[in-house]
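Biologist: Before we discuss how the labels in this entry are assigned, please place the structure in front of us.

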Amino acid sequence: MGLLGVQIFFCLSGFLITTNLINEEDARGSASLRSFYIRRCFRILPAALTFLAIAGLLGTLQFIEVDPTRWVHTLLFMANYSEAPRSYYVMHFWSLAVEEHFYFIWPLAFILLRQSSHRLVLVVATIAGVALWRAIAFKYQITYTDSALFWGRTDTNADSLLFGVALALLFADPEWRARIVKHLSGKWAPLLGFGLVVCALSVAMLRQAFDWKVNLFLIDVQFLLIVSAIIFTVVNPGGWMGRLLESPPFRWVGRLSYSLYLYQQLFLVEDEWLSSSLTVLQDFPINIVAAVACALLSLHLIEKPMIRIGHRLATAKGQPFAMDAARV
């Protein structure tokens, strides 16, 4: 079910990033690409680079196994296209690479396309194009050198992010918002929310049982169910799902999630990659404690200070500016 968690993250990320861009545009007349990149760089890079420095040092000292070429490709956010020897300890950066590629492309397209209808047409067309390309590339083994590499690439995962983008664009439109609220609220809302979660889990678990055509079709059905569950919590913040996700334990994990994502890879290790130098730290339950401890240190010593600096710089340099073809 790990891949389902990543897909939920992608859908949620597309929704949140686009909603923030829309809110900035509504408040200031346009979204600032420079401010966006400043905030993202200070949010993502310091913690990620610190982890990679630690992983690289441990690899150099031969405490863990990290291929140098794989490490460089990971540093350049190309882990999900790298054919370098597999290294478990930096393998999780494939999903961060997908996210970074999305950050690089979508905000630029958002600013260049001034009308929401044009943005939505582009997003829907791209979703269809990605789904079609994924099916063709899978069927005819185009660029299919490795199964894990194929399923981790940005061009085969982009629609998960774009479903969230489409949801944000629709929800920002007053007419669509009214329709969404009408269909996702009311006395049947608790049952509907539960049904969405059950259906998403069922599709994730059962789609492998079908042939490849149905399997690939169900991937986008799964994304649709995920974004439906996401918007359900937005429309019903006081519902059971909203209350659960806003409970203190979930909020605490949410604040810790990025650093936890980074550091768990050192301690929650597949058997074949266990390190003889880190044996105790990779045994349950010490591995859980170690991952959380490193994540807390990263959160308070790196993430929070860098986020404050990023927001301060983005605010200082964040006067909206129009972009035209010549400037691009």
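Biologist: Which helix gives the largest share of the nonpolar patch?

Modeller: In this predicted model, the helix is α9, residues 189-206, which contributes 3 residues to the nonpolar patch. The patch covers about 580 Å² of surface and is made by Met1, Leu201, Met205, Leu206, Phe210 and Val214.

Biologist: Why is Phe210 called partly exposed?

Modeller: Phe210 has a relative accessibility of 45%. Partly exposed lies between the limits of 20% and 50%, so Phe210 receives that label. Phe210 is found in the loop between α9 and α10, the latter spanning 212-235.

Biologist: How do you know that Cys11 is in no disulfide?

Modeller: The structure holds 0 disulfides. For Cys11, the nearest cysteine sulfur is that of Cys199, 15 Å away. A disulfide requires two cysteine sulfur atoms within 2.5 Å, and therefore Cys11 does not qualify.

Biologist: What makes Cys11 buried, and which label does Cys41 receive?

Modeller: Cys11 has 0% relative accessibility; buried means under 20%, so Cys11 counts as buried. Cys41, at 36%, counts as partly exposed, because that value falls between 20% and 50%.

Biologist: Which residues lie nearest the centre of the second largest pocket?

Modeller: Those residues are Leu167, Leu170, Leu224, Val227 and Ser228, out of 15 that line the second largest pocket. Two or more lining residues come from each of α5 (116-139), α7 (158-172), α8 (174-184) and α10. The volume of this second largest pocket is about 380 Å³.

Notes: Residues are numbered from 1 along each chain as its sequence is written. This is a predicted model: local features need pLDDT of at least 70, side-chain atom pairs count only at pLDDT 80 or more; totals for chains, interfaces and linings use all residues. Side-chain values use heavy atoms; hydrogens and water are left out. Patches are made of residues with over 30% relative accessible area and no salt bridge: like charges are joined within 9 Å, nonpolar side chains (Val, Leu, Ile, Met, Phe, Trp, Tyr) within 5 Å. Accessible areas come from the Shrake-Rupley method with a 1.4 Å probe; for residues, only the protein chains shown count as cover. A salt bridge is a side-chain nitrogen of Lys or Arg within 4 Å of a carboxyl oxygen of Asp or Glu. Helices (H or I, at least four residues) and strands (E, at least two) are DSSP runs, numbered from the N terminus. Buried means under 20% relative accessible area, exposed over 50%, partly exposed in between (1.4 Å probe, protein chains only). On a 1 Å grid over the protein atoms alone, a cavity is a set of points where a 1.4 Å probe fits but cannot get out, and a pocket is an open set with protein on both sides within 12 Å along at least five of seven lines; lining residues have an atom within 4 Å of a point. Grid points are joined across faces, edges and corners, and a volume is the space filled by probe spheres set on the points.
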